[in-house]
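Subject: Structure for you to look at

Dear colleague,

I am passing on the structure we spoke about, and I would be glad if you opened it before reading further. My notes on what was found in it follow below.

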Amino acid sequence: MKKNEPISSIMTKEVVTLSLEDSLYSAEKRMKTNHIRHMPVVENDKLIGLISLSDLQRVSFIDAYGKEGTEDTPIYNMLDIKDLMIKKPLTASPQTTILEVSKLLASKEFHSLPVVEEEKLVGIITTTDLLHYFIELC
């Protein structure tokens, strides 16, 4: 492993995002459709939050891997994206090294970090991205 290799070489660059106008129902549906578990919330390309599938599961009490479709739950009609998202999430820059991000995710028990450059969301790095990287090394 190259200790100083930047995460820009392995991060997901085409990020599926949400806006504050999106519903929790649409957030869940997009996560299932795209097979992802974390979605940054943006406003004018600027990161303002992060929401995860586990955040949605926590309030909806549904099995996200169960049925094929998205179930409508009454709680989704009572809450908004802004109510569930992590506001001002910890971020990384594209130059942050893979080693630094690996240590950070392991110590904080996070599973993703939005990647921001000059306040603009440019990617996301997840534990899955890191696992793929480490598998390639073997």
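The lining of the largest pocket is made up, by class, of 10 nonpolar, 6 polar and 3 charged residues. Please keep in mind from the start that this is a predicted model, so I describe what the model shows and leave the matter there. The volume of this largest pocket comes to about 350 Å³, and 19 residues line it, with H38, S52, S54, H111 and S112 lying nearest its centre. Which elements supply at least two residues each to that lining? They are strand 2 (46–52), helix 2 (53–60) and strand 4 (112–117), and helix 2 gives the most, with 5 residues.

Two of the residues nearest the pocket centre, H38 and S52, also appear in the strand pairing, where S52 in strand 2 is the bridge partner of H38. Strand 1 and strand 2 run antiparallel and are joined by 6 bridges. Strand 1, which covers residues 38–43, is mostly covered, with 5 of its 6 residues buried.

A good residue to select in strand 1 is V41. Is V41 buried or exposed? V41 counts as buried because its relative accessible area is 0%, where the cut-off for buried is under 20%. Leaving aside residues up to four places away in sequence, V41 touches L18, S19, L20, K46, L47, I48, G49, L50, I51, I81 and M85. Although V41 and P114 are 73 residues apart along the chain, their C-alpha atoms are separated by 9.9 Å.

The loop between strand 1 and strand 2 holds N44, and this residue offers a contrast with V41. N44 counts as exposed because its relative accessibility is 76%, and the cut-off for exposed is over 50%. The hairpin formed by strand 1 and strand 2 has 2 residues between the strands, and within this hairpin N44 takes a positive phi near 55°. From N44 to L121 the C-alpha distance is 9.9 Å, with their positions 77 residues apart in sequence.

Towards the other end of the chain you will find L130, which sits in helix 6 (residues 127–137). L130 counts as buried because its relative accessibility is 5%. Not counting residues up to four places away in sequence, L130 touches I10, I98, V101, S102 and L105. For one of these partners, I98, the C-alpha atoms of the two residues lie 7.7 Å apart, while the separation along the chain is 32 residues.

Seen as a whole, the chain has 6 helices and 5 strands, and from the N terminus on these elements run α-β-β-α-α-α-β-α-β-β-α. Of its 138 residues, 42% count as buried. If you take the contacts between residues at least 6 apart in sequence, 60% of them join residues at least 24 apart.

Finally, a word on confidence. The chain averages a pLDDT of 88, and 89% of the residues score at least 70. Over residues 63–67, however, the pLDDT is below 50, and this stretch has 8 contacts in the model beyond near neighbours in sequence. Where pLDDT is low, the predicted coordinates should not be read in detail.

With best wishes

Conventions
Residues are numbered from 1 along each chain as its sequence is written. This is a predicted model: local features need pLDDT of at least 70, side-chain atom pairs count only at pLDDT 80 or more; totals for chains, interfaces and linings use all residues. Side-chain values use heavy atoms; hydrogens and water are left out. pLDDT is the predictor's confidence in each residue, from 0 to 100. Contact means heavy atoms within 4.5 Å. On a 1 Å grid over the protein atoms alone, a cavity is a set of points where a 1.4 Å probe fits but cannot get out, and a pocket is an open set with protein on both sides within 12 Å along at least five of seven lines; lining residues have an atom within 4 Å of a point. Grid points are joined across faces, edges and corners, and a volume is the space filled by probe spheres set on the points. Helices (H or I, at least four residues) and strands (E, at least two) are DSSP runs, numbered from the N terminus. Ala, Val, Leu, Ile, Met, Phe, Trp, Tyr, Cys and Pro count as nonpolar, Asp, Glu, Lys and Arg as charged, and the others, Gly among them, as polar. Buried means under 20% relative accessible area, exposed over 50%, partly exposed in between (1.4 Å probe, protein chains only). Two strands pair if DSSP finds at least two bridges between them.
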